Structures are given as C-alpha cells and as structure tokens.
Amino acid sequence: MRKNVLVFRPIPQDLLASIEAQHEAIVADPRQPGQLPAFRAALADAHGLIGSSYRLGAAELAGARHLEVISSISVGIDNYDLAWLREHGIVLCHTPGVLTETTADTVFALIMAASRRLAELAAHVREGRWTRNIGESLFGWDVHGKTLAILGFGRIGQAVARRAALGFGMRVLYVNETTVEVPELAGRAARTTLDDALQQADIVAVTLPLTEGTRGLMGPREFALMRPGAIFVNGARGQIVQEAALLAALDSGHLRAAGLDVFATEPLPQDSPLRRHPLVTALPHIGSATHETRRAMAELATRNLLDALAGRRPAARFDLAAAAA
Ligand code: DGY
C-alpha cells in the first residue's frame, strides 16, 4: 500500500526517488520561509516523517492521526517527545554508528582549536596582522600528554578517547553510568565521578545525550570545580551547559578557553556573547557535517523509514521502552 511521507529536511534526489517509488512524498521544510503551512498540511495525512533539526513535540504532532514512524536523520532524539511517541505506538528511528568517527573528529578538532588558538591565529594571518614573528602572547597550550575528561562514554565518547589516548598520549578519564570495556583502550581510560573528572582534567569534553538528567548539567558549581586554566569543549547539545555559567567562568579567567559546536539556541542568536568571545571557538553545529557522513545518515534514515512503513524491523529503531525504564 502506498503511504504518505513527509520529508521535512531535503535529502539527496536518489533517496527521495527511492521513497517516491513506493509512497507519496511531500517535501516541506518548516524552517524555510513560507513552508510551514505546507508542512502542517502534510503532517495531518502523513504515515511517515523523515528529517531532522526541528522540534516535533506532542503539540506539533497532535493532529498527525495516521503517523506510524518518524525517521530522524540524526543520532540525537531530543527533538521528540519520547513519552508521547511511546503512548501513541509510533516507531522512532535514528542514525547511530554512521556518524561516530566524524563527530569524534569534530570534538577533537575543537580540542585542538581551543588549545592551540587556531581560529584566532588564522584570523591574525588573514587580517594582515602577521608582520613579525609571533611572541608569547600568541602561544597556545599542548594537547598531547594532557588529561582529558570525557563526559558520556557512548560510541562518540569512546571514539574521542581512542584519538586522545592512542594518537595524543593523553590520560583519559570518563564519566558514564557504567564501566565500558574498550579493548584498544585497556589500561588507558578510567571511569570516575563527575566531580573527580572535573577536578583532574586539563580538558573536559562533553559527548552526552540531552536528557532530563543531563539538561543544565554544567553549571556554576561544575565550572568552579574545573582546574584553573582548563579548557571546556562541547560537541553534544548546548542545553547540557548553563551558558551564563560558562561565560562567567571564562570572563573571570578561571577557564582558559572553550570550543563549542552546539548552543542552547541554534542558530546562535546574533546578540549572544558566545559569538564574539575572544576565548571561544564557536562552530555552527557541524558535528556530523561532512559530505560522506551526511550521505550515510540520509541513506540509513531512508532505509529505516521504508522498513518501518513496510512493517519490517528498521536497522536503527530507537528503543522507546528502554528509554522509559
Ligand atoms: C545528531 O545527529 O544528533 C547531530 O547532532 C545532528 O543533529
């Protein structure tokens, strides 16, 4: 049976064609000017949704009476109301695995950029200020050999740990609900408490999912626990951090620098002090944004969608029951 699919973020043409071969597809991106009415109209008839980066809570989905599946082109599922989906028997799929290494590359790039002041020094060259050999005021800080604390030790956290321990000789501490045995990291990564990790690390990197338990996790107390001169990196979700507390820790000189790919509000508001802060390397949420990985995510999400609509078990179905437990 042909069903109705709402594509709420553009996907490659061949993948759209593979959906259209089996179903009726409407493309309407609610974030684009003028497309919200078409998105809402299509939502009312949709059996399947595929897209990302748009909040689909209970209020938005209330009129979607035929909905069977949401296939998110993201690993993070914080844009959805999990309890509502569970209650209404809707299948939620996402894209774990295919973006792990790319997102870990981004986190490590932020560790390097914040420590070695790469964005600031590249601007120094570009803006014509490199007129004599640089002095101490423009020196950075080593990454190799330092202690890295990783908050969250899922696939991405482990991939960051491999880069740090095996590539940069770093001591790795991680904070996670359970101890994770990663054979390549045997003896090189130790699980500890949040407070201990913050107190010991030269660099703290967040790779946690956003949940009610992690929202606002990094606040004034946590930043105060970090070592003076430490560096903070967030490649997960902006709402895990209380941004005012981070700014205060940077402005007081307690923290040396921050590297941020994610923000509480995205795109980052024009008047946010994080946009132009001299100690912040800010990126526009590029964690998984390479040609190869975004293609792989769209492919997996399309497969998930088509399998779910056909009544087959999707490869990457999010376990809503386990999330409730
Ligand atoms: C993800 O996959 O969750 C990325 O952060 C994009 O939203």
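## Two parallel sheets and a ligand

In strand β5, L92 is the bridge partner of I70. That little pairing is a good way into this structure, which is a predicted model. From there you can work outwards to an open sheet of five strands, then to another open sheet, this one with seven strands, and finally to a ligand with S74, V75 and G76 among the residues around it.

**The five-strand sheet**

- Let's stay with β5 for a moment: its partner β4 covers residues 69–72, and the two strands pair in the parallel sense over three bridges.
- Zoom out and you get the whole sheet, which is open and runs in the order β2-β1-β3-β4-β5, with parallel pairing.
- Why do β2 (24–27) and β5 (91–93) each have one side without a neighbour in the sheet? They stand at the edges and have a single partner strand each, so there is nothing next to them in the sheet on the other side.
- The sheet isn't flat either: on average, neighbouring strands are turned by 15 degrees against each other, ignoring direction.

**Helices lying across that sheet**

- Helix α1, made of residues 13–20, lies across β1 (4–7), β2 and β3 (48–51), and it runs at about 140 degrees to β2.
- Helix α2 takes in residues 36–45 and lies across β1, β2 and β3, this time running at about 150 degrees to β1.

**The seven-strand sheet**

- Here the strand order is β8-β7-β6-β9-β10-β11-β12, and once again you have an open sheet with parallel pairing.
- Which strands sit at the edges? Those are β8 (189–191) and β12 (280–282), and each of them pairs on one side only.
- Going from one strand to the next, the twist averages 15 degrees.
- For a look inside the sheet, try β6 (residues 147–151) and β7 (residues 171–175), which pair in the parallel sense over five bridges.
- Within that region, I150 has Y174 as its bridge partner in β7.

**Helices lying across the seven-strand sheet**

- Helix α5 spans residues 100–116 and lies across five strands you can look up one by one: β6, β9 (203–206), β10 (230–234), β11 (255–260) and β12.
- Against β10, helix α5 runs at about 145 degrees.
- Helix α7 (residues 155–168) lies across β6 and β7, and its angle to β6 is about 175 degrees.

**Around the ligand**

- Which residues surround the ligand? The list is S74, V75, G76, L99, R237, H285 and M297.
- Sorted by character, this shell has three nonpolar residues, three polar ones and one charged one.
- The backbone gets involved: a polar backbone atom of V75 is 2.7 Å from an oxygen atom of the ligand, and a polar backbone atom of G76 is 2.8 Å from a ligand oxygen.
- With H285 the side chain takes part, since one of its N or O atoms is 2.8 Å from an oxygen atom of the ligand.
- On its own the ligand would expose 230 Å², and the protein buries 85% of that.

**Two backbone oddities in loops**

- Where would you look for a cis peptide bond? One joins E266 and P267, with omega at about -10 degrees.
- P267 belongs to the loop between β11 and β12.
- S53 is not a glycine, yet it has a positive phi of about 60 degrees.
- You'll find S53 in the loop between β3 and α3 (58–61).

Conventions:
Residues numbered from 1 in each chain as written. Predicted model: local features only at pLDDT ≥ 70, side-chain atom pairs only at ≥ 80, totals over all residues. Heavy atoms only, no water. Near = heavy atom within 4 Å. Polar contact = N/O pair within 3.5 Å; in protein donor to acceptor, adjacent residues only side chain to side chain. Areas by Shrake-Rupley, 256 points an atom, 1.4 Å probe, with all protein chains shown as cover. Nonpolar A, V, L, I, M, F, W, Y, C, P; charged D, E, K, R; others polar. Pairing = 2+ DSSP bridges. Helix = DSSP H or I, 4+ residues; strand = E, 2+ residues; numbered from the N terminus. Axes fitted to C-alpha atoms, helices over the stretch in contact; angles between N-to-C directions. Contact = heavy atoms within 4.5 Å.
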